[in-house]
Amino acid sequence: MAFAPIVLAANSGTKAASKELSIGIDGYFQYELFGQKLYFTNTHISILIVMLILVIFAVVANQVIKRADPNKAPGAFLNFVELLVESVDKLTISTMGEKHGPKFCNYIGTLFAFIFLANTSGLLGLRPPTADYGVTLSLALITFVMIHYNGFKYQKIGHITGLFKPLVLSPINIIGELATPISLSLRLFGNVMSGTLMMTLLYGLLYKPITLFWPGFLHVYFDVFSGAIQSYVFCMLTMVFVSGNFEEE
C-alpha cells in the first residue's frame, strides 16, 4: 500500500508521491496543439525556472564585465565568472584540441550549466527536469546530431563507410552508433531519478521535525556532488564522441 501513490503518480501523472519532492510528472493544465492533447507539467515549470536563473546570471555577469575597471582588482563575482569561463575553456580545448575546441566552448559551458542547475534544482524544492526521460533524451539527441554532423563535415562519405570496416563487425558498429543517445540519456536519467526516488522515500518515512535538518546532508551528495559528476560525465562524453570525428591534426 505504501508504494501505491508512487505507482499512480508515475503512471497517471495526476498525484505527487510526496508533497516535498514529487516523483511523478504532474499535469497542471491541458491544451490542444494540432489536434493532440498536451499537458503543462512540473517538468516544464522546473525547466522555465532553471532557464530564468541562467538568463539572470548571464545578464548580471555581462553587466559586471562591461562595467569592470581594468585598473582595479576584480570583485568576488567577477573572479567567480572568470574562473568558470577559464575552467570550461581549458577543459574543452584540452579534450577537443586547440583547433576545434574553441568553437565548442560556449555550447559545452551552456550544457554543463543547464544540466548542473537542473540536477541540483531539488534543493529549491523542484522536481529535477533531468529526472524526466524526455529531457535527457532531447539533450542526448542534440549530441547525436552534432556527432554525425561533424562526421559528415570532416570525414565526408568515410563517416558511413567506416561503419563497414571490417564488414563482419558492421552490425555491431551500426548498433553502437544508434545506442549512443540511448546510453547517454539513460545514464543521466537513471542517476538523477534514483536520487530523487531515494530522497522522496526518505521524506515520506521520517517524522516531519526530523526532515527539517537531517536529510540536508544527503542533499549534498544526491543533488550537489552527484549532480556535478553527472553534468561532467555528460559533457565529457559529448566532447569525446564529437571530437572523434575530426580529421587528424
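## Crossing of α5 and α7

In this predicted model, the crossing of helices α5 and α7 is right-handed, a term for a near helix turned clockwise from the far one by less than a right angle, left-handed being the anticlockwise case. The axes of α5 and α7 (residues 170–205) come within 8 Å and cross at roughly 145°. Axes are lines fitted to C-alpha atoms, for helices over the stretch in contact, and angles between N-to-C directions run from 0 to 180 degrees.

Among the residues of α5 that make the contact (heavy atoms within 4.5 Å) are Tyr 133, Leu 137, Phe 144 and His 148. On the side of α7, the contributors include Glu 177, Pro 181, Leu 184 and Phe 189. By class, the residues of this contact of α5 with α7 comprise 14 nonpolar, 5 polar and 1 charged. Nonpolar covers Ala, Val, Leu, Ile, Met, Phe, Trp, Tyr, Cys and Pro; charged covers Asp, Glu, Lys and Arg; the others, Gly among them, are polar.

## Packing of α4 against α5

Helix α4 (residues 101–119) packs with α5 (residues 133–155) at an angle of about 165°, and their axes are 12 Å apart. Helix α4 is therefore roughly antiparallel to α5, the term for angles over 145 degrees (under 35 is roughly parallel, 65 to 115 roughly perpendicular, and the rest oblique). The crossing of α4 and α5 is left-handed.

Lys 103, Phe 104, Tyr 107, Leu 111, Phe 114 and Ile 115 of α4 take part in the contact. Their partners in α5 include Val 135, Ile 142, Met 146 and Tyr 154. The contact of α4 with α5 has 10 nonpolar, 2 polar and 2 charged residues.

## Overall organisation

The protein has 9 helices and 2 strands, arranged from the N terminus as α-β-β-α-α-α-α-α-α-α-α. Helices (H or I, at least four residues) and strands (E, at least two) are DSSP runs numbered from the N terminus.

Of the 249 residues in the protein, 35% are buried, meaning under 20% relative accessible area (exposed is over 50%, partly exposed in between; 1.4 Å probe, protein chains only). Among contacts with a separation of 6 or more, 62% join residues 24 or more positions apart.

## Cysteines

Cys 105 is buried, with a relative accessible area of 8%. Cys 235 is likewise buried, at 2%. A search of the whole structure finds 0 disulfides, defined as pairs of cysteine sulfur atoms within 2.5 Å.

## Basis of the values

Residues are numbered from 1 along each chain as its sequence is written, and side-chain values use heavy atoms, leaving out hydrogens and water. Because the model is predicted, local features need pLDDT of at least 70 and side-chain atom pairs count only at pLDDT 80 or more, while totals for chains, interfaces and linings use all residues.
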